[in-house]
Amino acid sequence: MSGTVEGGRKAAAKNLARDPDFYRKNGAKGGRISRTGGFAANPELARIAGAKGGRISRRRKKSPVSDSHTPSTDEHQVTETIAAA
């Protein structure tokens, strides 16, 4: 009968027959052991993170930029003319 309403009631009755405080103890463990952190514990952190996300999502896409600057032919000729003089 596992997985049925009747089976659940039998399991609950068995747990309570073994220990009348079974569900109370389990509930207390859950509250004590939980490690609620992050934004639930620190609303200021949530505000800062939300502001960062808002700024980033509203940026324009960066245009691809090459790492090295290669002079055009005009710049190259000007440089040679200056060096020759």
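At 42% relative accessibility, Y23 is classed as partly exposed in this predicted model, since its value falls between the limits of 20% for buried and 50% for exposed residues. The residue is part of helix α2, which spans residues 22–33. When residues up to four places away in sequence are left aside, Y23 is in contact with A12, N15 and L16. For A12, which is eleven residues from Y23 along the chain, the separation of the two C-alpha atoms is 9.1 Å. With N15, the contact of Y23 includes a polar one, in which the two side chains are joined at 3.3 Å.

The partner in this polar contact, N15, belongs to helix α1, which covers residues 5–18. In contrast to the partly exposed Y23, N15 is buried, because its relative accessible area of 16% lies under the 20% limit. Again with residues up to four places away in sequence excluded, the contacts of N15 are with F22 and Y23. The side chain of N15 is thus placed in helix α1 and is linked by the polar contact of 3.3 Å to that of Y23, a residue of helix α2.

F22 and Y23, the two residues touched by N15, also form an aromatic pair, and a search of the whole structure finds one such pair. The ring centres of F22 and Y23 are 4.9 Å apart and the planes meet at 90°, so the arrangement is edge-to-face; the relevant cut-offs are a centre distance within 6.5 Å and an angle over 60 degrees. F22 has a relative accessible area of 24% and is accordingly partly exposed, as is Y23 at 42%.

Charged side chains were examined next. The structure contains three salt bridges. In one of them, D19 is paired with K25, and the closest N and O atoms are separated by 3.2 Å. Both residues are partly exposed, D19 having a relative accessibility of 22% and K25 a relative accessible area of 45%. A further salt bridge links D21 to R24, with the closest N and O atoms 2.7 Å apart. Here the two partners fall into separate classes of exposure, because D21 is partly exposed at 33%, whereas R24, at 61%, counts as exposed, the limit for that class being over 50%.

The remaining salt bridge is formed by E44 and R47, whose closest N and O atoms lie 2.9 Å from each other. Both residues are located in helix α3 (residues 43–57), where they are three residues apart, a spacing of about one turn of the helix. E44 is partly exposed, with a relative accessible area of 40%, while R47 is exposed, with a value of 52%.

With regard to the chain as a whole, four helices and zero strands are present, and the order of elements along the sequence is α-α-α-α. Of the 85 residues in the chain, 4% are buried, and N15, at 16%, is one of the residues in that class. The accessible surface of the chain amounts to about 8,000 Å², and carbon and sulfur atoms contribute 57% of this area.

The confidence of the prediction varies among the elements of the chain. The mean pLDDT of the chain is 77, and a value of 70 or more is reached by 66% of the residues. Among the elements, the highest mean pLDDT, 94, is found for α1, and the lowest, 58, for helix α4, which comprises residues 73–84. The buried residue N15 therefore lies in helix α1, the element with the highest mean pLDDT.

Key. Residues numbered from 1 in each chain as written. Predicted model: local features only at pLDDT ≥ 70, side-chain atom pairs only at ≥ 80, totals over all residues. Heavy atoms only, no water. Phe/Tyr/Trp six-rings, centres within 6.5 Å; stacked < 30°, edge-to-face > 60°. Buried < 20%, exposed > 50% of the residue type's maximum accessible area, 1.4 Å probe, protein only. Helix = DSSP H or I, 4+ residues; strand = E, 2+ residues; numbered from the N terminus. Areas by Shrake-Rupley, 256 points an atom, 1.4 Å probe, with all protein chains shown as cover. Polar contact = N/O pair within 3.5 Å; in protein donor to acceptor, adjacent residues only side chain to side chain. Contact = heavy atoms within 4.5 Å. pLDDT = per-residue confidence, 0-100. Salt bridge = Lys/Arg side-chain N within 4 Å of Asp/Glu carboxyl O.
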